[in-house]
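This report looks at how some aromatic rings, charged side chains and one glycine are placed in a protein chain. Please keep the sequence and the structure in view while reading.

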Amino acid sequence: MSLLLTRNQDVTWTHRVAAFLWLLLGNRYPSLKIGKTKAQLKNAMILYRQKLDGLDSALGSMSYEALTLNNFLGEKHWKYASYMATISSLPVLDRVCNGDGITSAIVGKTSLGTSAKLLDNLNDEIQTIERAIQSLHTYERVMTEKEFNIEEGAPHYSRLSLAENSAFQIARWTAEVVMDVVDENSRTFGLYTSDVKRLVRGQIESLLHKSGRRVLPKIGEYLKAISEKSIGDVWVDVDLCLLESSLGGIDQDLYHALQLFRVGNGFVFKSSLVYDDAQDLMEDLQTNSVNSCVILGLERGVISEKDLAENSPEFIAKRLNQGKIVKETISLADLLFLTGIKLIKAASSKETELIDWSGLLLSYRFVRLFNLRKLLMRRKDYETTRMFMSSLKKFEDLQEDIPDHIYALQPHLAYDDA
């Protein structure tokens, strides 16, 4: 136990040092000055912990302490979300919102990440597929309906129901942030509601694949459909709602630039799912979760359907590693990531004054580093370290590392920026 405690403390210390070093790196950008960023992060975390501590007073909800004791939610999950929310909201909102407005955006995005993680844990580990789908439909209502009573959530008779209602209560904090500043006639509210619905559809598709009720998709289908379970679109919609409210409206030129930014952000977040596929391969094989690494292995002929049916997860994972499919999966994630970065750069060329685009791009570099952290913690060899640190290279150099046959999947990343 003492060894495990020491290891966990070392990991926590490493994360804290890395987060602080990133704050120093951001100090050269106007929106990410270290004093400003630390103050926003501190205020948001204090406020958010207070909100979590109030869960036990919400009718039918499980307390934050009980959620952690039951391993439904870890403290690190909301703290990571809060950090990511802070460094991504500041570049977008610093020039148009006051401190309270930015804090609201951070709280809304932290709640999105926390509620999605909590519900994902419940749906993956505990619920039946029918119960999980019902829960996701309730989640959609919580996030989009003007009026929602927590008593309309799960019945209050089981530990699972209490935990579900906590997820709904936390998700409602996101909805409240959005609905406090925009209404159904706002352009950004329309984006928000449509993206919540697409997020839920993607989550349901993922569950159906995991349950065996869907055949394993082709890689193109995975990139178009399953990856919609990412929270990335809704994540940026929270910022855009605050932006529209602060400006008093958005004209057509700005709307087009923000659409490019929004779609680009979506690709960056979808890349996170594919990075996770490479890092969580063994876990996904054990739980029969759809995984792009497995799909690539099948399509490249490194493994077969017979292998999946007859061999152990350890055998499959070893074969995929030996066949360099895990590395190719990271290259696929890089393709998604760089597609997003190109769109964000295109947005910056259309609207240069409103958003701190350079600071924003730095924050996206952190996203890639963060996504590859587990791989580096497991394998501290030269190749893994080089891959991890390449997040700091020029984006053009990162693109050169993508194999031609992975780059050929680019047509599957079609998007609508209308």
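## Glycine 99

Glycine 99 counts as partly exposed, because its relative accessibility is 33%, a value that falls between the limit of under 20% for buried and over 50% for exposed. The model examined here is a predicted one, and in this model glycine 99 lies in helix α5, which covers residues 99-125. Glycine 99 and alanine 39 are 60 residues apart in sequence, while in space their C-alpha atoms are 9.6 Å apart.

## Aromatic pairs

In this predicted model, the count of aromatic pairs comes to nine. One of them is formed by tyrosine 80 and phenylalanine 370, whose ring centres are 5.2 Å apart and whose planes stand at 80 degrees to each other, an edge-to-face arrangement. This pair links distant parts of the chain, since tyrosine 80 belongs to helix α4 (residues 75-93) and phenylalanine 370 to helix α17 (residues 357-371), with the two positions 290 residues apart.

Tyrosine 80 has a relative accessibility of 22% and therefore counts as partly exposed, as the limit for buried is under 20%. Tyr80 and Phe370 also belong, together with Tyr83 and Phe366, to one aromatic cluster.

## Charges over rings

Which ring does the charged end of lysine 51 sit over? The ring is that of tryptophan 173, and the charged end lies 4.6 Å from its centre. Arginine 365, in turn, lies over the face of phenylalanine 395, at a distance of 4.0 Å from the ring centre.

Technical notes
Residues numbered from 1 in each chain as written. Predicted model: local features only at pLDDT ≥ 70, side-chain atom pairs only at ≥ 80, totals over all residues. Heavy atoms only, no water. Phe/Tyr/Trp six-rings, centres within 6.5 Å; stacked < 30°, edge-to-face > 60°. Helix = DSSP H or I, 4+ residues; strand = E, 2+ residues; numbered from the N terminus. Buried < 20%, exposed > 50% of the residue type's maximum accessible area, 1.4 Å probe, protein only. Lys NZ or Arg CZ within 6 Å of the ring centre and 35° of its normal.
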